[in-house]
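Subject: Structure for you to look at

Hi,

Here is the structure I promised to pass on. Have a look at it first, and then read my notes underneath.

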Amino acid sequence: LKPLPLDTPNLPPMLPGGLPFVGHASELRSNPVAMVQRGRDMFGDIFCVRLPGTLGVVMTGHAAQEKYFRFRDDEVSQREAYQLMTPVFGKGIAYDAEPQIMKEQLGFFHGALRESRLRTYTDGFIAESEHFFGQWGQTGEVNMLEVGNEVTLYTSTRCLLGDKMRFKLSKEFSELYADLEGGINVISFFAPYLPLPAMRRRDKARVKMVELIEKIVAERREGPQSHEDILQTLVESSYADGRKLTVDEITGLILTIMFAGHHTSGVTFSWIAVLLAQHPHIFRRLVAEQREILGDRERITYDDLQKMKLLEATIKEALRLYPPIILVMRRVLKAFDFQGKHVPEGSMIIASPAAGQRVPEIFPEPHRFDPDRFMPGREEDKRWPYGHIAFGAGRHRCMGIVFAQLQLRALWSHLLRNFEFDLLDPSYPVDYTNLIVGPRPPCRIRYRRVQQSAGA
Ligand code: HEM
């Protein structure tokens with residue numbers, strides 16, 4: 001390991017503690033939010049931590065977050081922070097590509113996420129809500145985290161590969177996807193290619209995934225069918241120099257968007273259940289909003305979802321308290337100064353949605369679940385453009401914000417009109433063991449079916 005540049009003049013203050021060799025990495029792993037909070041309480045907007053082989057610089061608070069998210073790609077790089085994903089996405093794909101190529105590749109998603117497509121995907125979200133929750137009984141106990149991850153796997157398959165594949169391929173697709181996920185862990189963050197069984201399964205699954213996508217692409221290239229899904233956009237796209245995407249690239253980009261959007265939406269779905277069961281007065285107001293917009297209508301539309309402002313604010317507030325991506329990182333390519341401190345080239349800068357969204361100067365009473373903070377009249381997120389960073393901010397802000405909002409609104413609109421929920425566990429703590437952070441399993445909730453019409 002290289003020595004850290006701790007003799008740099010004007011370095012931000014170092015957080016006390018940490019262990020030999022691994023520095024603050026174990027604290028970062030067991031409770032990163034508490035660690036960031038500890039540093040913020042001691043030093044304010046900017047401080048250092050020791051990470052294996054690298055100097056970490058944590059930046060929280062509005063000014064620091066603005067600075068962080070306004071950097072250009074030639075000033076800071078995301079590549080190393082996401083290198084654990086390269087064996088899954090593929091060489092030369094997304095974060096492993098040169099910035100200009102990555103920009104082109106992510107640009108293909110703009111077409112796949114345009115409004116007319118979002119309308120089609122929304123039909124899929126609504127159909128899936130009816131199908132999936134239609135199988136629930138009058139009452140039952142569920143692990144809401146599993147429910148969130150399962151239902152969003154089906155909605156994702158519909159949007160990526162089409163409605164038909166949802167039923168034909170979900171099993172095969174989800175098994176391969178599970179093996180790919182199994183190869184992403186703390187070890188792969190530092191050594192993505194170690195010959196461990198989980199990594200071998202990951203690599204085999206990727207080969208099979210390419211074969212699976214290859215078959216579908218070949219079928220599509222043969223017949224004059226029309227498809228309204230993300231795969232089709234990628235099949236039809238070409239780079240600026242006119243080159244079409246290879247099947248390996250198409251598969252890599254399908255996996256990129258899947259990994260970006262699936263668990264992030266799944267865990268948010270489950271936090272909403274926990275928060276609404278904890279706050280019945282908000283639940284009742286949301287049911288009333290459904291009634292106001294839909295009357296006795298059972299089938300909802302894209303336009304109805306756009307009108308559900310309290311539900312939108314509730315999702316935003318769930319994401320403020322419990323963002324699934326608790327930290328984002330960048331490698332510093334050009335040294336910079338901030339608040340009189342000097343951050344050297346080569347260090348890793350860290351922003352934390354989980355800690356940064358609980359800063360009381362930005363969000364008063366930050367630990368209180370209060371969706372009204374995002375309703376007209378208050379709109380705390382508009383007052384502080386770098387305050388709500390669950391979706392990141394700036395040039396690499398999440399491309400799936402509208403998609404995620406529509407999906408969560410469709411699922412929750414259905415649940416609000418058809419079920420009530422009770423908590424079954426004494427507490428629902430945050431589980432920091434996964435890369436995408438959600439409530440700790442079993443996250444048990446009891447549901448009860450109510451009269452079909454919200455007006456009843
Ligand atoms: C980027 C969060 C859903 C596609 C990001 C980033 C965050 C984030 C924090 C920025 C990462 C960074 O700055 O390093 C979330 C959350 C979601 C969600 C909390 C759900 C609740 C989705 C969905 C999609 C998606 C559904 C696609 C349909 C992307 C893409 C990027 C991204 C492509 C990379 C953008 C770029 O680098 O230019 N997301 N995301 N996300 N997200 Fe999401």
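Thr-122 sits in helix α6, which covers residues 115-134. Is Thr-122 buried or exposed? This is a predicted model, and in it 24 other C-beta atoms lie within 10 Å of that residue; the cut-off for burial is 20 or more, so Thr-122 counts as buried. Which residues does Thr-122 touch, once its neighbours within four places in sequence are left aside? They are Tyr-302, Leu-305, Leu-406 and Ala-410. Ala-410 is 288 residues away from Thr-122 in sequence, yet their C-alpha atoms are 7.4 Å apart.

Now the ligand. There are 23 residues around it, and the ones that come nearest are Gly-261, Thr-264, Gly-392, Cys-398 and Gly-400. Three elements give two or more residues to that shell: α5 (99-112), α12 (247-278) and α18 (401-418). The largest share is from α12, with 6 residues. If you sort the shell by class, you get 15 nonpolar residues, 8 polar ones and no charged ones.

α12 turns up again in the core. The largest nonpolar core holds 108 residues, and the ones with the most contacts inside it are Val-57, Met-59, Met-144, Ile-230, Ile-254, Ile-272 and Leu-411. The biggest contribution to this core is from α12, at 15 residues. As background, nonpolar side chains in soluble globular proteins tend to be buried together.

Two of those core residues, Val-57 and Met-59, are also on the list of buried residues in β2, so let me go to the sheet next.

The sheet is open and has 5 strands in the order β1-β2-β8-β5-β3, with mixed pairing. β1 and β3 (76-77) are the edge strands, each pairing on one side only. Going along it:

- β1 (residues 46-51) and β2 run antiparallel and are joined by 6 bridges. Ile-46 stands opposite Met-59 of β2.
- The two form a hairpin with 2 residues between them, and Gly-53 in the turn has a positive phi of about 75 degrees.
- β2 and β8 (residues 348-351) are parallel, with 3 bridges. Here Gly-56 is across from Met-348.
- At the other end, β3 and β5 (residues 328-332) are antiparallel and share 2 bridges. Ser-77 has Arg-331 in β5 as its bridge partner.

How much of β2 is buried? The strand runs over residues 54-59, and 6 of its 6 residues are buried. Both faces are covered, with Thr-54, Gly-56 and Val-58 on one side and Leu-55, Val-57 and Met-59 on the other. Val-57 is a good one to click on: not counting residues up to four places away in sequence, it touches Pro-12, Ile-46, Cys-48, Val-343, Ser-347, Ile-349 and Ile-350.

On the helix side, I also checked α15 (residues 309-321). What span should its 13 residues give at 1.5 Å a residue? The expected value is 18 Å, and the end C-alpha atoms are 18 Å apart, so the two agree. The buried residues of α15 are Leu-311, Ala-313, Thr-314, Ile-315, Glu-317, Ala-318, Leu-319 and Arg-320. They pack against α12, α13 (280-294) and α18.

Last, some backbone oddities. Most residues other than glycine have a negative phi, and most peptide bonds are trans. These spots go the other way:

- Phe-21 has a positive phi near 65 degrees. It is in the segment before α1 (25-30), and it counts as exposed because 10 other C-beta atoms lie within 10 Å.
- Ala-94 has a positive phi near 55 degrees. Its place is the loop between α4 (86-89) and α5, and it counts as buried because 25 other C-beta atoms lie within 10 Å.
- The peptide bond from Pro-441 to Pro-442 is cis, with omega near 10 degrees. Pro-442 lies in the loop between β11 (438-439) and β12 (444-449).

That's the lot from me.

Cheers

Definitions and conventions:
Residues numbered from 1 in each chain as written. Predicted model: local features only at pLDDT ≥ 70, side-chain atom pairs only at ≥ 80, totals over all residues. Near = placed C-beta within 6 Å. Helix = DSSP H or I, 4+ residues; strand = E, 2+ residues; numbered from the N terminus. Nonpolar A, V, L, I, M, F, W, Y, C, P; charged D, E, K, R; others polar. Buried ≥ 20, exposed ≤ 12 C-beta atoms within 10 Å, placed from the backbone. Pairing = 2+ DSSP bridges. Core = buried A, V, L, I, M, F, W, Y, C linked by C-beta atoms within 7 Å. Contact = placed C-beta atoms within 7 Å. Expected span 1.5 Å × (residues − 1).
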